[in-house]
Amino acid sequence: MPRWGIALKLAVTSLIMADKVEQGLAWAERARALNAVSREMSAVTIITSLPTALTSSNHAEEALPFVEQLRDVYAHLHVTDLTFLYGHRLP
């Protein structure tokens, strides 16, 4: 598993879900930074997992900035075709 994958898994499962939101978000940012260098996956894919973990652990307010980032990405594209999105590494 790539380094960003390990960092993201730690952020989402071990920290955010254990109510250590600040630490989890710090690990998520580290995962995003590692991925920015390696470009092993879509940055949007990393963002997608955060609102799920945050809302599942009753931290919906902390999820809003990530939901807004996702909204902005998809609004900018003006495309909802699943084949196009998949081809551009978007969930």
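**Exercise 1. A salt bridge in H2**

Find the partner with which Arg32 forms a salt bridge, and say how many residues separate the two in helix H2.

*Solution.* Start at the Arg32 side chain in this predicted model. Its partner is Glu29, and the closest N and O atoms are 3.2 Å apart. That fits the definition of a salt bridge, a side-chain nitrogen of Lys or Arg within 4 Å of a carboxyl oxygen of Asp or Glu. Next, count along helix H2: Arg32 and Glu29 are three residues apart, so about one helical turn separates them. An α-helix has 3.6 residues a turn, so residues three or four places apart point the same way. Finally, check accessibility, where buried means under 20% relative accessible area, exposed over 50%, and partly exposed in between (1.4 Å probe, protein chains only). Arg32 has 23% and counts as partly exposed; Glu29, with 41%, is partly exposed too.

A note on the ground rules: residues are numbered from 1 along each chain as its sequence is written, and side-chain values use heavy atoms, with hydrogens and water left out. Because the model is predicted, local features need pLDDT of at least 70 and side-chain atom pairs count only at pLDDT 80 or more, while totals for chains, interfaces and linings use all residues.

**Exercise 2. The other salt bridge**

How many salt bridges does a search of the whole structure find? Locate the one that involves Arg71.

*Solution.* The search finds two. Beside the Arg32 and Glu29 pair, the side chains of Arg71 and Asp72 meet at 3.0 Å, N to O. Arg71 is exposed, at 52% relative accessible area, whereas Asp72, at 43%, counts as partly exposed.

**Exercise 3. H2 against H4**

Describe how the axes of helix H2 and helix H4 are placed, and name the residues that make the contact.

*Solution.* Helices here are DSSP runs (H or I, at least four residues; strands are E, at least two), numbered from the N terminus. H2 covers residues 21-38 and H4 covers residues 60-77. Their axes, lines fitted to C-alpha atoms over the stretch in contact, with angles from 0 to 180 degrees between N-to-C directions, come within 11 Å and cross at roughly 25 degrees. Angles under 35 degrees count as roughly parallel, over 145 as roughly antiparallel, 65 to 115 as roughly perpendicular and the rest as oblique, and H2 and H4 are therefore roughly parallel. Contact means heavy atoms within 4.5 Å. H2 supplies Val21, Leu25, Glu29 and Arg32, while H4 supplies Glu62, Phe66 and Gln69.

**Exercise 4. Into the core**

Which residues have the most contacts inside the largest nonpolar core, and which helix gives the largest share?

*Solution.* A nonpolar core is a set of buried Ala, Val, Leu, Ile, Met, Phe, Trp, Tyr and Cys residues joined through side-chain atoms within 4.5 Å. The largest one has 21 residues, and those with the most contacts inside it are Leu8, Val12, Ile16, Ala31, Leu50, Leu54 and Phe66. Helix H1 (3-15), H2, helix H3 (43-56) and H4 each give two or more residues, and H3 gives the largest share, six. Now look along H3: Val44, Ile46, Ile47, Leu50, Pro51, Ala53 and Leu54 are buried, and the buried residues of H3 pack against H1, H2 and H4. To finish, follow Val12: not counting residues up to four places away in sequence, Val12 touches Met17, Ser49, Leu50 and Ala53.
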